[in-house]
Amino acid sequence: MPDVKVRGLLSTAVRESSPTPVPVRCDVSAELARWRAKVPESLFKPSTTSPGGWTADDDAFRLSAFIDSCYDHSEHAEALRDAVTDEFPPDAGQDLFAAVARKASPFSALAYALGPDAVMRLPGWFGDFLLDAEQVRAQLPAAEEALALTGVRRRDAVERIHVWMTGLGDDPDHDADELLDGPLRVLHHAVGTGQGAAGQVRWY
């Protein structure tokens with residue numbers, strides 16, 4: 001996305017935003033601490049009724065609810081998301097990545113796979129961001145550290161994505177590799193072309 005578009009969208013959002021802050025719906029610090037304590041554990045158990053399936057435990061539902069609670073669903077935030085979406089290219093490519101699923105959020109699956117510390121290194125806030133070219137360049141190294149996984153770390157992340165999309169959703173064949181690679185591909189494209197970039201997580 002060209003810088004002029006990014007700055008125009010942000011300027012409009014600031015001008016039309018509500019002066020009243022959106023209330024925080026949970027204790028973010030406490031939930032992050034709880035998540036960190038659970039990182040070594042699996043939040044799912046093998047299904048006893050569906051071979052190859054998984055069953056989410058209470059901590060998985062709590063983590064899912066926490067991530068969902070972090071998004072600003074106010075009228076002004078949704079208006080900005082709509083305006084950003086209108087600027088997206090029509091087809092997936094180097095400049096567009098989209099992950100779609102029913103029931104379970106692909107971003108939440110990615111967050112579960114990466115862990116809280118890596119998620120906090122990603123641009124923006126839990127998948128939502130709107131950056132100009134300079135900001136993309138500044139944040140790319142942290143995004144690479146979080147997403148450019150290899151070896152055992154990548155294998156474990158792919159498995160965790162699969163488990164989340166199976167245990168909380170109905171998409172056992174979700175492309176976990178693309179979920180890791182797609183966002184970085186877009187950020188690299190933005191840096192290579194001197195443009196800004198946007199990301200968002202939405203429910204329909």
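Modeller: A cavity is a set of points on a 1 Å grid over the protein atoms alone where a 1.4 Å probe fits but cannot get out, and its lining residues have an atom within 4 Å of a point. The model is predicted, with local features needing pLDDT of at least 70 and side-chain atom pairs 80 or more, whereas totals for chains, interfaces and linings use all residues. Residues are numbered from 1 along each chain as its sequence is written, and side-chain values use heavy atoms, without hydrogens and water.

Biologist: How many cavities of 30 Å³ or more does this rule count?

Modeller: Rolling a probe the size of a water molecule over the atoms shows where empty space is left. Here the count is two, the largest having a volume (space filled by probe spheres set on points joined across faces, edges and corners) of about 80 Å³, and the second largest about 40 Å³.

Biologist: Which residues line the largest cavity, and which the second largest?

Modeller: Glu31, Arg34, Trp35, Lys38, Leu43, Asp59, Arg62, Leu63 and Phe66 line the largest, a lining of four nonpolar, no polar and five charged residues. The second largest is lined by Val119, Met120, Leu122, Pro123, Gly124, Trp125, Phe126 and Gly127, of which six are nonpolar, two polar and none charged.

Biologist: What does Phe126 touch beyond four places in sequence?

Modeller: Phe126, a lining residue of the second largest cavity, has contacts (heavy atoms within 4.5 Å) with Trp35, Phe66, Ile67, Cys70, Tyr71, Phe107, Val119, Met120 and Val201, leaving out residues up to four places away. Among these partners, Trp35 and Phe66 also line the largest cavity, whereas Val119 and Met120 line the second largest.

How values were computed: 1 Å grid on protein atoms, 1.4 Å probe; cavity = no way out; pocket = protein on both sides within 12 Å on 5 of 7 lines; lining within 4 Å. Nonpolar A, V, L, I, M, F, W, Y, C, P; charged D, E, K, R; others polar.
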